[in-house]
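Please load the model in your viewer and keep the selection tool at hand. The stops below are meant to be followed in order.

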Amino acid sequence: MNYARQIYRTRRDGVLATMRARSGGGLALVPTAPEVPRNRDSLYPFRHDSYFYYLSGFPEPEAVVALIAGPDGDRHALFCRERNEERETWDGFRYGPEAAREIFGFDEAYPITALPEKLPEMAADRPALYTPLGLFEPWDRRVTEVLNEVRNRVRTGVSAPDEVVDIRAMVDAMRLLKDEHEIALMRRACAISGGAHRRAMRAAHAGLFEYQIEAELLHEFLHEGAQAVAYGSIVASGPNACVLHYRENNRQLADGDLLLIDAGCEFQGYASDITRTFPVSGKFTGPQKAVYEVVLAAQLACIDAVRPGAAFHDYHHVAERVLAQGFIDLGLLTDTLDEALESGSYKRFYMHRAGHWLGMDVHDAGLYQVHGESMRLAPGMVLTVEPGAYIRPADDVPEAFWNIGVRIEDDVLVTHDGVENLTVTTPKSVADVESAVRA
């Protein structure tokens, strides 16, 4: 815990240093996510706000991080719930301000009920207020109330912040580069998810329903210590594999189907994101294998294109070229490669980007383009590589290819000399996939 506490303090110090450089100081306020009712007397499982957790490591609801950069030095403060024997009997343990201050490395800690009193004091005479704007509507109202309260005290000689700055851009730049602690957590998340995909391959057979395969994934996630899914699992068989964000997971598997699974767990706040496509029968048909090998070739070429210094969008362009040529070779397109790329005709069968940032959120924080130029990859960035092919029935498409949907996705870490594939142990070659299904 001391090691983790130092990590969070270092991140908060980074925010304070940026505030001083940009505004000469200020106050940063970052709330965690609110609890959300599911139905009467029941809440959805609580999940912290990623920005808040990145700066605090604090897991409870009803909490706010306050960072003060002033002429008298920098201070880290936390507002959280107080200890309450009755509520803890019903709902479980609470740290309380004093334990939270010590365990999570804050200089000060206050009850969450002290916010109305303390925040105007903290905001007074600060050149800028940094907070996530538009993230939670009740929080926006709270910020407005704080600013108005400080303005109402102008006759006492204090002034309100001259500007309000969305803190997310600052923290996004920090979150884009993962430290060793984060990478270790992501390796574990990826290992758990890889095991879940292997379990699903072993379990799948004709007659089961998609939700039964989803249950195998969830079992492995929870059994291995993951706290939740990183996103809603996609378990898409047959024609459902051609629906990019398929969610129903209720179709019965049949012999001859491909099963596309896009699923990953969240481990201690960090996401994994893996997609594999495999034949329910354990053997690809000829057309299925042909499409699969085109997507696999594109995916491997994309991974080869990910390296430090490369433009983020480079590997998407690689995917476009390899897939477009593959569609031509399969007889799905009649264009030349240059014509297909210029007209975008290939987008009929491949319509999404080749990947995204990965971290605390499955579509993680960070820009993809700055001042019109693609972001350059650097060691510590983690991204997904996920080309695909989705062939719906159509008069000009050979019937043998109808309803073939294939996506292959890995999570890769940019290193100083290339990449580390964090999900490399999940079966991917034709031989390995067929062997895993028949195991």
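Begin by selecting α8 (180–203), β9 (228–229), β10 (234–237), β11 (258–263) and β12 (265–267); in this predicted model, these elements are among those that cover the buried residues of α9. Next, select α9 itself, residues 210–223. The helix has 14 residues and spans 20 Å from its first C-alpha to its last, close to the 20 Å expected at 1.5 Å a residue.

Which residues of α9 are buried? Colour Glu-210, Ile-213, Leu-217, Glu-220 and Phe-221 to see them. Viewed down the axis of α9, the buried residues fall within an arc of 105°, so they line one face of the helix. The general background is that an α-helix has 3.6 residues a turn, so residues three or four places apart point the same way. Now turn to the face of α9 directed away from its buried side, where the exposed residues Leu-222 and His-223 are found. Gly-225 follows α9, and its phi is positive, near 100°.

The following stop is in α8. Select Glu-182, which is found in that helix and counts as buried at 1% relative accessibility. Residues up to four places away in sequence aside, Glu-182 touches Arg-11, Tyr-54, Leu-177 and Tyr-270. Keep Arg-11 and Tyr-54 displayed: Arg-11 lies over the face of Tyr-54, at 4.2 Å from the ring centre.

A second arrangement of this kind is reached by selecting Arg-175 and Tyr-51. Arg-175 lies over the face of Tyr-51, at 4.7 Å from the ring centre. With Tyr-51 still displayed, add Arg-168, which is placed in helix α7 (residues 168–175). Is Arg-168 buried or exposed? Its relative accessible area is 18%, and Arg-168 is buried. Neighbours within four places in sequence aside, Arg-168 is in contact with Tyr-51, Pro-132, Leu-133, Gly-134 and Leu-135.

For the aromatic rings, select Phe-58, Phe-93, Tyr-95 and Phe-104, which ring pairs link into a cluster. The count of aromatic pairs comes to 13.

Then display the cysteines. How many disulfides does a search of the whole structure find? The result is zero. Cys-190 is in no disulfide, and the nearest cysteine sulfur, that of Cys-265, is 7.9 Å away. Cys-190 is buried, with a relative accessible area of 2%. Cys-80 also counts as buried, at 0% relative accessibility.

Continue to α10, residues 286–305. This helix has 20 residues and reaches 29 Å from its first C-alpha to its last, close to the 28 Å expected at 1.5 Å a residue. Its buried residues include Gln-288, Val-291, Tyr-292, Val-294 and Val-295. Further along α10, Leu-296, Ala-298, Gln-299, Cys-302, Ile-303 and Ala-305 are also buried.

The final selection is Arg-392, in the loop between β18 (388–391) and β19 (404–407). Arg-392 counts as partly exposed, at 48% relative accessibility. Residues up to four places away in sequence aside, Arg-392 touches Cys-242, Val-243, Val-397, Trp-402 and Asn-403. To place Arg-392 relative to an earlier part of the chain, display Ala-189 as well: the two residues are 203 residues apart along the chain, and their C-alpha atoms are separated by 33 Å.

Definitions and conventions
Residues numbered from 1 in each chain as written. Predicted model: local features only at pLDDT ≥ 70, side-chain atom pairs only at ≥ 80, totals over all residues. Heavy atoms only, no water. Helix = DSSP H or I, 4+ residues; strand = E, 2+ residues; numbered from the N terminus. Expected span 1.5 Å × (residues − 1). Buried < 20%, exposed > 50% of the residue type's maximum accessible area, 1.4 Å probe, protein only. Arc of directions from axis to C-beta. Contact = heavy atoms within 4.5 Å. Phe/Tyr/Trp six-rings, centres within 6.5 Å; stacked < 30°, edge-to-face > 60°. Lys NZ or Arg CZ within 6 Å of the ring centre and 35° of its normal. Disulfide = S-S within 2.5 Å.
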